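Me: I would like to go through the labels attached to this structure one at a time, and to see for each of them how the value leads to the word.

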Amino acid sequence: MKNIKLTGLLTRKKAVRYLIYFLLVCVFAVFVIRLNQVEKTELVVRTGQTFEKAKVVKILQDNLEENGTRVGEQKVRVHMLTGVRKGEELDITSSSGYLFGAACKPGMKVIVMQSVAGDSTVASVYTQDRESVIYIFALIYLLALCMIGGIKGCLGLVFTFFCVIFVYLPLVYLKYSPFWTAVFVCFITTLVTMYLIGGPTRKTCAATLGTLAGVVLAGISAWCFSKASGISGYNVSDIETLMTLWNTNRIQVGGLLFSGLLISCLGAVMDVAMSISSAIDEIYKQNSSLTRTELFKAGLRVGRDMMGTDSNTLILAFAGSSVSTLLLDYAYDLPYQQIINSNNIGIAIMQGLAGSFGIVFSVPFTVLICTVLFHKNKQLD
């Protein structure tokens with residue numbers, strides 16, 4: 001009889017828990033839907049201009065030289081697959097630029113930029129159609145992630161991507177601080193990802209708090225570097241384009257650099273925090289007689305091993321994203337003082353170091369949080 005009552009009580013608790021989760025999901029969904037109902041200021045007039053899919057039928061005039069290079073434009077005939085000219089064949093051009101156009105071949109699928117006014121159509125090849133390739137590779141990655149890492153990791157990744165696109169961008173567009181918006185998004189994505197991985201446990205709570213502490217400290221480190229070096233979010237290479245957003249919508253473009261730093265280092269900090277929390281949780285389960293001091297020292301020893309590799313990961317990631325700039329500086333043999341004091345190099349160094357600071361600082365904070373949450377005794381030993 002007691003077992004039946006206990007089973008019924010556990011079932012009711014589980015039902016209440018799932019009901020709370022369902023309500024939270026509904027509230028978040030309503031929040032996201034309302035957040036994305038925003039009217040955007042038209043920055044470029046695109047009346048009549050669309051981007052449509054087409055298939056190359058014939059090369060009318062090629063621009064391939066004997067040495068294998070392409071000069072000028074190709075003239076091609078395409079069969080339109082979408083848009084108002086769907087089903088028709090158009091003779092259009094394809095430039096030989098590196099950013100726009102494509103080296104067309106019969107059967108190739110392309111994206112056509114067209115402007116239609118009555119019976120008149122002006123069109124050109126914008127680029128190769130890569131949509132299906134992107135979706136296929138993304139699907140293969142998600143399937144591999146599900147098979148090897150489990151469905152929970154896949155759901156966490158999808159939720160993070162969803163929050164960046166449908167929460168972070170709309171909030172920044174609505175003039176909210178990019179830095180604190182990034183902190184909010186990092187907290188939400190970390191909470192959901194950690195819950196999916198670890199469930200409603202003290203380990204999840206410790207990993208979430210440790211991740212948030214590391215990410216915020218990375219942002220503070222970047223802010224300190226910015227104040228000391230004079231580098232700000234207005235020193236980025238595309239600031240002229242970004243200032244258009246400030247002039248038209250008063251979007252705080254100066255904070256985008258630092259908010260991007262928080263989002264970019266989130267994954268590495270999250271990895272460190274969860275690994276440390278799991279290790280300390282297992283250590284304490286195996287030996288619950290450890291004092292808080294001993295547990296703290298054990299956690300630090302675990303954290304030191306992770307610190308070096310994850311800091312390497314961030315430094316190399318930011319260095320890899322700047323390799324084009326580094327190669328140009330090397331090839332032009334620029335003076336050292338010009339290189340070390342340039343804005344691009346300063347920003348890359350700030351991102352790498354600030355992200356690494358977040359990893360380093362997240363270790364003692366996560367260990368301390370775990371020590372407080374896991375240990376049974378309330379007073380320090």
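Me: Which residues does Thr-208 touch, leaving aside residues up to four places away in sequence?

Reply: In this predicted model, Thr-208 touches Phe-187, Thr-190, Leu-191 and Met-194 once residues up to four places away in sequence are left out. Thr-208 itself is found in helix 5, which covers residues 202-229.

Me: Why is Thr-208 counted as buried?

Reply: Its relative accessibility is 4%, and buried means under 20% relative accessible area, so Thr-208 counts as buried.

Me: What makes Val-32 buried, and what does Val-32 touch?

Reply: Val-32, which lies in helix 1 (residues 2-35), has a relative accessible area of 7%; because the cut-off for buried is under 20%, Val-32 is called buried. With residues up to four places away in sequence not counted, Val-32 touches Phe-162, Phe-166 and Val-167. For one of these partners, Val-167, the separation from Val-32 is 135 residues in sequence, while the C-alpha to C-alpha distance is 6.5 Å.

Me: How many disulfides does a search of the whole structure find, and why is Cys-154 not bonded to Cys-146?

Reply: The search of the whole structure finds zero disulfides. The closest cysteine sulfur to that of Cys-154 is in Cys-146, at 3.5 Å, whereas a disulfide needs the two sulfur atoms within 2.5 Å, and therefore this pair is too far apart for a bond. Cys-154 is also buried, since its relative accessible area is 8% and the cut-off is under 20%.

Me: How do you know that Cys-370 is not in a disulfide either?

Reply: Here the closest cysteine sulfur belongs to Cys-205 and lies 9.3 Å from the sulfur of Cys-370; set against the limit of 2.5 Å, that is too far for a bond. As for the solvent, Cys-370 has a relative accessible area of 0%, so Cys-370 is buried.

Me: Why are helix 7 and helix 11 called roughly parallel?

Reply: The axes of helix 7 (residues 256-286) and helix 11 (residues 343-374) cross at roughly 30° and come within 8 Å. Angles under 35 degrees count as roughly parallel, and therefore helix 7 and helix 11 are described in that way. The residues of the contact between helix 7 and helix 11 divide into 19 nonpolar, six polar and one charged.

Me: What is the handedness of the crossing of helix 7 and helix 11?

Reply: The crossing of helix 7 and helix 11 is right-handed.

Methods: Residues numbered from 1 in each chain as written. Predicted model: local features only at pLDDT ≥ 70, side-chain atom pairs only at ≥ 80, totals over all residues. Heavy atoms only, no water. Helix = DSSP H or I, 4+ residues; strand = E, 2+ residues; numbered from the N terminus. Buried < 20%, exposed > 50% of the residue type's maximum accessible area, 1.4 Å probe, protein only. Contact = heavy atoms within 4.5 Å. Axes fitted to C-alpha atoms, helices over the stretch in contact; angles between N-to-C directions. Parallel < 35°, antiparallel > 145°, perpendicular 65-115°, else oblique. Left-handed = near helix turned anticlockwise from the far one by under 90°. Nonpolar A, V, L, I, M, F, W, Y, C, P; charged D, E, K, R; others polar.
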